[in-house]
Amino acid sequence: MKKSVIILTALVYLLSIVLVAFLGYQAETQNPPIIAESIVFRFEGDDKFPELPHEHIENGAVIYEVRYNPEYNPDSEVLLNRYPYIYDIKDYDYLFTVGGKLTLSAEPYSSKGEVSDKTLTYYVDKSKSDYIEVDQKGEITLKADSTSGFYEVLLSTNDGSAIKMTICIKW
């Protein structure tokens, strides 16, 4: 009887080890979500950005230029150094006459791989809504013809990382 109890106990013990190992493997997350570490700008066909400014050219003329600010510091006393990216519109008249639209080429970035939730949320101060608006695809519409402008657009991630960035659009 002693041998049968020991053998039965050993079999139950082995069976429980196999069962726990199997259930533990099933409960393991196979593909954990990748969370954004920052927001970056990318332009198709422009492998020199951000080292060199990206120029949007139409009909042989530079319409706007996007610059990465290497002196970016959100607490800077110099206003333009508070923005990591600056959209500098060079030909406002042309841009305004063709509908006044430009697209922000921003996306969340992680060094661990492709971010699971690539959507961004865009905001413009409501007091500026007579002059500029942005939709949730990142398309900016300039609404009022003016000789100069300086506007901020806030971008934020939607994946729980709570990363925010303010960029400058000026002309």
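## The loop between β1 and β2

Let's start with Pro50, which sits in the loop that links β1 (38-41) to β2. In this predicted model, the peptide bond between Phe49 and Pro50 is cis, with an omega of about 15°. That deserves a look, since most peptide bonds are trans.

## The six-strand sheet

Following the chain onward brings us to β2, a member of an open sheet of six strands. The strand order is β2-β3-β4-β11-β10-β7, and the pairing is mixed. β2 (54-58) and β7 (120-124) form the edges; each has a single partner strand, so one side of each lacks a neighbour in the sheet. On average, neighbouring strands here are turned by 20° against each other, direction ignored.

The partner of β2 is easy to follow on screen: β2 and β3 (residues 61-68) run antiparallel and are joined by five bridges. Within this pair, Glu58 stands opposite Ala61 of β3.

## Two residues with positive phi

Between β2 and β3 there is a loop, and Asn59 belongs to it. Asn59 is not a glycine, yet its phi is positive, at about 55°. Its relative accessibility is 73%; exposed means over 50%, so Asn59 counts as exposed.

Elsewhere in the chain, Ala162 is another residue to visit, in the loop between β10 (150-157) and β11 (164-170). Ala162 also has a positive phi of about 55° without being a glycine. With a relative accessibility of 61%, Ala162 is therefore classed as exposed. As background for both cases, most residues other than glycine have a negative phi.

## The three-strand sheet

A further open sheet has three strands in the order β5-β9-β8, with antiparallel pairing. Its edges are β5 (101-103) and β8 (132-134), each with a single partner strand, so one side of each is left without a neighbour in the sheet. From one strand to the next, the twist averages 20°.

β5 pairs with β9 (residues 139-142) over three bridges, in the antiparallel sense. Here Thr103 faces its opposite number, Glu139 in β9.

## The nonpolar core

Now for the interior. The largest nonpolar core has 33 residues, and those touching the most other members are Phe41, Tyr87, Ile89, Leu104, Ile140, Leu155 and Ile167. In soluble globular proteins, nonpolar side chains tend to be buried together.

Leu155 makes a good viewpoint for exploring this region. Leaving aside neighbours within four places in sequence, Leu155 is in contact with Ile39, Phe41, Ala106, Leu120, Thr121, Tyr122, Ile163, Lys164, Met165 and Ile167.

Note on methods:
Residues numbered from 1 in each chain as written. Predicted model: local features only at pLDDT ≥ 70, side-chain atom pairs only at ≥ 80, totals over all residues. Heavy atoms only, no water. Pairing = 2+ DSSP bridges. Helix = DSSP H or I, 4+ residues; strand = E, 2+ residues; numbered from the N terminus. Axes fitted to C-alpha atoms, helices over the stretch in contact; angles between N-to-C directions. Core = buried A, V, L, I, M, F, W, Y, C linked by side-chain atoms within 4.5 Å. Buried < 20%, exposed > 50% of the residue type's maximum accessible area, 1.4 Å probe, protein only. Contact = heavy atoms within 4.5 Å.
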